[in-house]
Amino acid sequence: MEAVEQFIYAGELTPLRDRMIAELADVNTLCATYRSRIYRYALLSLRDPDLAETVTQDCFLRAYKAREDFRGDCSVATWLTRIATNLIRDSTRSRKFQFWKAASSTADEVGAMADRLRSPGLSPETFLMIREELRGVWDAVENLPGKQRSVFLLRFVEEMELPEIATAMGLHVGTVKSHLHRALAAVRKAMERTR
Amino acid sequence: MKTNHLSPWEQEEYVLNQRTPEMLRHLTECAGCRAAVARLEHGVAIFRSAAVEWSSECLATRPPQRHASVAKGFPVLTLRWAVAAVLPVLLLIFALVSFHPSSTRPVQPASDISDDALLEQVDQQLSVDVPSSMESLTNLVPTENRNGSVGATTSAPASKHIVQTN
């Protein structure tokens, strides 16, 4: 009975899966469609533009090489996110010795990013307040544990739904929700400190 | 009806779009909870704006990715293996050719030959009393040439000088 269900399930998925594999085989279109998204996720996770570029390229290469293994049970974007998550985790483990570099450059990053948010209508006081809030959130996100940070980025930057995040991270939806609550609590505390 | 303020958990649930009618009703009535939720949403929003902006700028400064080798299925790995396989064979052939016994037989160096020939040429030129180019001058001074001792003493340095300048 279970085998029959699997057969039916697989039969329903096949045309969709074929379309997705065809999408994965066209690397140029794939990159054009998803590069900015994967790069952004890697950049915000690693805070290193060069490493983020490497992870992005590796992600597409792996997806291309493993396209026949793609089961088609999630979207291509989710599958790419899952590959990127694994690559980011590996990179984070191998670059712990570079932590000092990332920590020392945080202040500059926040200052530069706050400048980008400056608009002509903002008063200097409001701008300073926003800058301090951003610094608090930025530091809080950076100091989150790996999974919490990934979940936070996927939800609030990539605007993925919880089940999608669960698939991409290989977690249960409940666990994703729990990570998000903890991440938001950390952000809230950081913002309270900047008051 | 819920009269208590929203707990931090409920505020987070609201930000996560897990909103209940009770929550929404309370927020319409409570300015404090509304401000707390708005503050949390604002923090997340400015983070997102800054992050997207930063990522876009970083991406704009990078050249577009080229995956031609992947797209065309270019066998880079196969090519590397082929080079790795052929290179030792070529080195072996080169080594065999270079150190073959027939190629190491003693051969008189070319420099020796040229040195011998040069010395022989010098001897020939020194042995000539008057070089061929100066034979016409000897006709101008017949008396000195007839006196053997004088002619010998004067002609020898002259010939040496000619050999040296040649």
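Student: Before we start, what counts as a buried residue?

Tutor: In this predicted model, you count the other C-beta atoms around a residue's own one. The residue is called buried if 20 or more of them lie within 10 Å.

Student: Okay, so what share of chain B is buried?

Tutor: Chain B has 166 residues to go through. Those that count as buried come to 9%.

Student: And what share of chain A is buried?

Tutor: Here you'd go through 195 residues. In chain A, the buried part is 35%.

Student: How many helices and strands does chain A have?

Tutor: Read along the sequence, chain A goes α-α-α-α-α-α-α-α-α. That pattern fits the tally for chain A, which is nine helices and zero strands.

Student: How about chain B, how many helices and strands are there?

Tutor: Start at the N terminus and the elements of chain B run α-α-α-α-α-α-α-α-α. The count for chain B is nine helices and zero strands.

Student: Why is helix 7 of chain A described as largely enclosed by the rest of the structure?

Tutor: Look at residues 146–156, the stretch that forms helix 7 of chain A. The buried ones include A:Val151, A:Phe152, A:Leu153 and A:Leu154. Their cover includes helix 2, helix 4, helix 6, helix 8 and helix 9 of chain A, together with helix 3 of chain B. Helix 7 is largely enclosed because its buried residues number nine of the eleven.

Student: At roughly what angle do helix 6 and helix 9 of chain A cross?

Tutor: Two packed helices are described by the angle between their axes and the distance between the axes. For helix 6 and helix 9 of chain A, the axes come within 8 Å, and they cross at roughly 145 degrees.

Student: Which residues of helix 9 of chain A meet helix 6 of chain A?

Tutor: On the helix 6 side you'll find A:Glu133, A:Gly136, A:Val137, A:Asp139 and A:Ala140. By class, this contact between the two helices has six nonpolar, one polar and three charged residues. The partners in helix 9 are A:Ala186, A:Val187, A:Ala190, A:Met191 and A:Arg193.

Student: Which helix gives the most to the side of chain B that touches chain A?

Tutor: Across the two chains, 26 residues of chain B are in contact with 33 residues of chain A. Helix 1, helix 3 and helix 4 of chain B each supply at least two residues of that side of chain B. By class, the side has 16 nonpolar, five polar and five charged residues. The one that gives the most, with 16 residues, is helix 3 of chain B.

Student: Which helix supplies the largest share of the largest nonpolar core?

Tutor: That core has 55 residues, and those with the most contacts inside it are A:Ala42, A:Val55 and A:Ala84. Take A:Ala84: leaving aside neighbours within four places in sequence, A:Ala84 is in contact with A:Ile38, A:Tyr41, A:Ala42, A:Val55 and A:Cys59. The largest share of the core is eleven residues, from helix 2 of chain A.

Student: Last one: is B:Tyr14 buried or exposed?

Tutor: B:Tyr14 sits in helix 1 of chain B. Not counting residues up to four places away in sequence, B:Tyr14 touches B:Arg19, B:Met23 and B:Val37. Now count C-beta atoms: B:Tyr14 has 21 others within 10 Å, and the cut-off is 20 or more. So B:Tyr14 is buried.

Technical notes: Residues numbered from 1 in each chain as written. Chains lettered and ligands numbered in written order. Predicted model: local features only at pLDDT ≥ 70, side-chain atom pairs only at ≥ 80, totals over all residues. Buried ≥ 20, exposed ≤ 12 C-beta atoms within 10 Å, placed from the backbone. Helix = DSSP H or I, 4+ residues; strand = E, 2+ residues; numbered from the N terminus. Contact = placed C-beta atoms within 7 Å. Axes fitted to C-alpha atoms, helices over the stretch in contact; angles between N-to-C directions. Nonpolar A, V, L, I, M, F, W, Y, C, P; charged D, E, K, R; others polar. Core = buried A, V, L, I, M, F, W, Y, C linked by C-beta atoms within 7 Å.
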